[in-house]
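Here's a quick tour of a few local features. Have a look at the fold and then read on.

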Amino acid sequence: MSITSEFLRHPVLTGAIAPSSPRLAEEMTAGLGLERASCVAELGPGTGVFTEAVLTLLGPEARFTAVEINPRFATALSERFPRVEVVTGSAEHLATGTGFDVVVSGLPWTAMPGGRQQRILDAVIAALASNGRFTTFAYAHAAWTPPARRFAALLRSRFAVVERTKVVWGNLPPAFVYRAALPVAVGRTRRGQPAAAPA
């Protein structure tokens, strides 16, 4: 089973036409403190490229939950990574109040309507610890499309710190990574004032 064949079978459930590269996986998992994390989640693991990179860094006692909407991928992930708790379902239902130290996302944000982008990010905020970190990626060629710009604005409205890496050219298509830290309570800034509405 490949990500390309699943895209052709279920394009709505599978946002990518090719698996992410090891180089992008390395960029996605760098600088997150995974070595010290006790509770980690992955959204949209697909074929497990990022999953494998996370496990390489994660301590032996850490809890790792993966949420995958495609049941075929979920079954394959459970068999390949018995240590990972694989949940079949939407990322919108990420367990709130869990206190995840890190959430890693391989979700296709630009393929989503604005409401779904917002609901998933709000679920991430609700599930992260107060000092939690979130990482995701976007394809470089789509960076200036309205869905990509909307997602970037949503991300910056929900985290006190957001950084964007250089383009990882060794990926198909080329992509860059967002790293976000210090989640802000939805609708409020850290000083208790109303947050600006996302563009």
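A polar contact here is a pair of N or O atoms within 3.5 Å; within protein, one must be able to donate a hydrogen and the other to accept it, and residues adjacent in sequence count only if both atoms are side-chain atoms. This is a predicted model, where local features need pLDDT of at least 70, side-chain atom pairs count only at pLDDT 80 or more, and totals for chains, interfaces and linings use all residues. Residues are numbered from 1 along each chain as its sequence is written, and side-chain values use heavy atoms, without hydrogens and water.

Let's start with Q117, which sits in helix 5 (residues 114-127). Q117 has 0% relative accessibility, so it counts as buried (under 20% relative accessible area, 1.4 Å probe, protein chains only). Its side chain makes these polar contacts:

| Side chain | Partner atom | Distance |
|---|---|---|
| Q117 | backbone oxygen of W109 | 2.8 Å |
| Q117 | backbone oxygen of P147 | 3.3 Å |

Beyond its neighbours within four places in sequence, Q117 is in contact (heavy atoms within 4.5 Å) with W109, T110, M112, P147, R150, F151 and L154.

On to helix 4 (residues 71-80), where F73, A74 and L77 are buried. These residues span an arc of only 100° around the axis, which puts them on the same side of helix 4. At the N-terminal end of helix 4, N70 is the cap, with a side-chain oxygen 2.9 Å from the backbone nitrogen of R72.

Finally, helix 2 (residues 22-29) packs on helix 3 (residues 49-57), with L24, A25, M28 and T29 meeting V49, F50, A53, V54 and L57.

Notes
Buried < 20%, exposed > 50% of the residue type's maximum accessible area, 1.4 Å probe, protein only. Helix = DSSP H or I, 4+ residues; strand = E, 2+ residues; numbered from the N terminus. Arc of directions from axis to C-beta. Axes fitted to C-alpha atoms, helices over the stretch in contact; angles between N-to-C directions.
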